[in-house]
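Okay, thanks for coming, everyone. I'll keep this short and walk you through one structure that's probably new to you.

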Amino acid sequence: MSDEPPTCQCGSGDSLADCCGRFVDAGQAPETAEQLMRSRFTAYCRKNIDYLVNSTHPDARSKRLREEIEETAEKIKWTSLEVVSTSQGRAKDKIGKVEFIADYEFNGERKTHRERSRFRRFQGKWTYLDDRG
Ligand SMILES: [Zn+2]
């Protein structure tokens with residue numbers, strides 16, 4: 001057994017505590033849209049449904065949002081994340097886009113999900129809006 005702290009599931013190479021753990025576990029607010037995107041990936045991996053619901057923009061919270069997130073988190077095993085590009089989404093922006101490729105397993109098959117997510121601030125905090133970026 002190694003004493004190294006676990007690395008973050010978002011693939012940043014940093015420890016969980018220094019990366020998405022700050023947001024998912026410790027309740028800090030991500031400063032950039034990319035940090036939120038990565039932390040939501042990590043939250044999916046760890047089935048932290050509350051984090052995913054709470055970091056969705058209120059305009060995008062459908063009645064079934066929690067169920068949909070739960071279903072996705074149960075059925076899909078996310079295996080890796082690569083952030084392809086970002087636009088805006090920095091500490092001083094109000095909107096941002098993050099394009100990413102995420103590999104996952106579903107019913108024993110390996111698949112890839114590519115998405116351009118849109119993020120928008122709500123009450124000062126980054127939230128996920130939709131995949132129509
Ligand atoms: Zn991370």
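I'll go through the metal site, then the core, then one serine. Keep in mind that this is a predicted model.

So, the metal first. What coordinates the zinc ion? Four sulfurs: the SG atoms of Cys-8, Cys-10, Cys-19 and Cys-20, at 2.3 Å. Along the sequence, those donors follow the pattern C-x1-C-x8-C-C. Cys-8 and Cys-19 both sit in the segment before α1, so that pair ties together parts eleven residues apart in sequence. Both Cys-8 and Cys-19 are buried, by the way. And the geometry? The angles between the four donor atoms run from 103 to 113°, which makes the arrangement tetrahedral.

Now, Cys-10 shows up again in the largest nonpolar core, which has 31 residues. Cys-10 is among the residues with the most contacts inside that core, together with Met-37, Phe-41, Ile-69, Trp-78, Leu-81 and Phe-119. Several elements give two or more residues to the core, including α4 (65–75), β1 (76–88) and β2 (95–106). Which element gives the most? That's α2, with six residues. If you click on Phe-41 and skip its neighbours within four places in sequence, you'll find it in contact with Gln-9, Cys-10, Trp-78, Ser-80, Leu-81 and Ala-102.

Last stop: Ser-117, in strand β3, residues 109–122. Buried or exposed? Ser-117 has 1% relative accessibility, so it counts as buried. Its side chain makes a 2.7 Å polar contact with the side chain of Glu-115. Looking beyond four places in sequence, Ser-117 touches, among others, Gly-96, Phe-100, Tyr-128 and Asp-130.

Methods: Residues are numbered from 1 along each chain as its sequence is written. This is a predicted model: local features need pLDDT of at least 70, side-chain atom pairs count only at pLDDT 80 or more; totals for chains, interfaces and linings use all residues. Side-chain values use heavy atoms; hydrogens and water are left out. Helices (H or I, at least four residues) and strands (E, at least two) are DSSP runs, numbered from the N terminus. Buried means under 20% relative accessible area, exposed over 50%, partly exposed in between (1.4 Å probe, protein chains only). A polar contact is a pair of N or O atoms within 3.5 Å; within protein, one must be able to donate a hydrogen and the other to accept it, and residues adjacent in sequence count only if both atoms are side-chain atoms. Contact means heavy atoms within 4.5 Å. A nonpolar core is a set of buried Ala, Val, Leu, Ile, Met, Phe, Trp, Tyr and Cys residues joined through side-chain atoms within 4.5 Å. Donors are N, O and S atoms within 2.8 Å of the metal (3.2 Å for Na, K and Ca); water is not among the atoms, so sites may look incomplete. Four donors count as tetrahedral if all angles lie between 85 and 135 degrees; four count as square planar and six as octahedral if opposite donors are over 155 degrees apart and all others between 65 and 115; anything else is irregular.
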